[in-house]
Amino acid sequence: MAATAAKLQANRWPTLLDSAAVRFADRGYHDTSLRDVAEAAGVTPAAVYFHVPNKQALLVAVYAEGVDRIIGNLEAALSYETDPAARFRRAIRAHLTSILDASAFARVIVRVLPDDVPEAAAELRAHRDRYEKRFHAVVERLDLPKDRSPTLHRILLLGALNATPIWYRPSRQGLDKIVDEFVAIFGAEKPSNN
C-alpha cells in the first residue's frame, strides 16, 4: 500500500509544477503561497511538502523546468542550421515561441528575477545562465561591426524579447513580422548601398 501511495504522490509532481508556474507567473513569488499552489493542483499542502521542503525550492524547480523547455526549443530550432544569420533568426523565433506559449514556465522566468528572491538567487541565476550561454554562442557568431559589444547586444536583445508578452497579441501574421523586426534591429545584416 505504501508503494502505491508513493507512486500516486510522484504522479502529482507535473500537476504541482504546472500549478506553481501559473501562480508564480500570475501573482509573483511573494504573493503566492504553497497553500495556493496546493489548492490549484487539487492536493493538500502536505502533498506539496512531499516534493519540496519550501516555496523557494518549488520556485527553483519551476525555473529549472522553464529553462529546460526554452533550451529544448532553442536547440531544436538550431539543429542542422550552420549559417550564423539564420541561426540568429531561429533563436529569436524559438525564444519568442517559448515565452509566448500557453504554459506559464517561461513567464515565471521573465517575471520573477533572481534578486526578487535573495535566498534562491544563486540557483535561479545558474538556471538563467544555462540558457543565456547558448544564446550568447548564437550572438557571438554574428558578423557584428567591430565597435559593437556582443555581450551588450545579447543583453539588450534578451531584454526586448522578454518584454514581448506585455504587448504581444496574436494576429494573422503570426510571429514572422515580429521576428523580422527583431532581426532588422538587432541583426548583423549590413545595410545596402543603394
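## Close-up views of a helical protein model

**View 1. A cavity and the residues around it.** Val67, Ile70, His95, Ile99, Ala106, Ile109, Val110, Arg128, Tyr131, Glu132, Leu158 and Asn162 line the largest cavity in this predicted model. Several helices chip in here: α4 (55–78), α5 (84–100), α6 (105–111), α7 and α8 (150–167) are the elements that give two or more residues to that lining. How big is the volume of the largest cavity? It comes to about 130 Å³. If you go looking for others, the structure holds one cavity of 30 Å³ or more. Sorted by class, the lining has eight nonpolar residues, two polar ones and two charged ones. As background, rolling a probe the size of a water molecule over the atoms shows where empty space is left.

**View 2. The whole protein, for orientation.** Step back for a moment and you'll count nine helices and zero strands. Reading along the sequence therefore gives the pattern α-α-α-α-α-α-α-α-α. The C-alpha atoms fill a box of roughly 75 × 35 × 30 Å, taken along the principal axes. Of the 194 residues, 41% count as buried.

**View 3. Phenylalanine 24, tyrosine 29 and a lysine.** The structure holds three aromatic pairs, and one of them is made by phenylalanine 24 and tyrosine 29. Their ring centres are 5.8 Å apart and their planes are at 35 degrees, a tilted arrangement. Are these two rings buried or exposed? Phenylalanine 24 is buried, at 0% relative accessibility, and tyrosine 29 is buried too, with a relative accessible area of 6%. Tyrosine 29 has another neighbour to look for: lysine 55 lies over the face of its ring, at 4.3 Å from the ring centre.

**View 4. Tyrosine 131 and phenylalanine 135 in helix α7.** Here is another aromatic pair, with ring centres 5.9 Å apart and planes at 50 degrees, so this one is tilted. Why are the two separated by about one helical turn? Because they sit four residues apart in helix α7 (residues 121–140). Tyrosine 131 counts as buried at 6% relative accessibility, and phenylalanine 135 counts as buried at 0%. Tyrosine 131 may ring a bell from View 1, where it is among the residues lining the largest cavity.

**View 5. The stretch from 33 to 52.** An unreviewed UniProt entry lists residues 33–52 as "DNA-binding region". In the model, what share of this stretch is helix? The answer is 75%, with 0% strand. The C-alpha atoms at its two ends are 13 Å apart.

**View 6. Tyrosine 80 in a loop.** Find the loop between α4 and α5, and you'll find tyrosine 80. Its backbone is worth a look: phi is positive, about 70 degrees, although tyrosine 80 is not a glycine. Tyrosine 80 counts as exposed because its relative accessibility is 84%, and the cut-off for exposed is over 50%.

**View 7. Threonine 15 and arginine 111.** Threonine 15 lies in helix α1 (residues 2–27). With a relative accessibility of 36%, threonine 15 counts as partly exposed. How far apart are the C-alpha atoms of threonine 15 and arginine 111? They are separated by 21 Å, and the two residues are 96 residues apart along the chain.

How values were computed
Residues are numbered from 1 along each chain as its sequence is written. This is a predicted model: local features need pLDDT of at least 70, side-chain atom pairs count only at pLDDT 80 or more; totals for chains, interfaces and linings use all residues. Side-chain values use heavy atoms; hydrogens and water are left out. UniProt positions are given in the numbering used here, feature names are shortened, and annotations may be inferred rather than shown by experiment. Rings of Phe, Tyr and Trp (its six-membered ring) pair if their centres lie within 6.5 Å; planes under 30 degrees apart count as stacked, over 60 as edge-to-face and the rest as tilted. Buried means under 20% relative accessible area, exposed over 50%, partly exposed in between (1.4 Å probe, protein chains only). A charge sits over a ring if NZ of Lys or CZ of Arg is within 6 Å of the ring centre and within 35 degrees of the ring normal. On a 1 Å grid over the protein atoms alone, a cavity is a set of points where a 1.4 Å probe fits but cannot get out, and a pocket is an open set with protein on both sides within 12 Å along at least five of seven lines; lining residues have an atom within 4 Å of a point. Grid points are joined across faces, edges and corners, and a volume is the space filled by probe spheres set on the points. Ala, Val, Leu, Ile, Met, Phe, Trp, Tyr, Cys and Pro count as nonpolar, Asp, Glu, Lys and Arg as charged, and the others, Gly among them, as polar.
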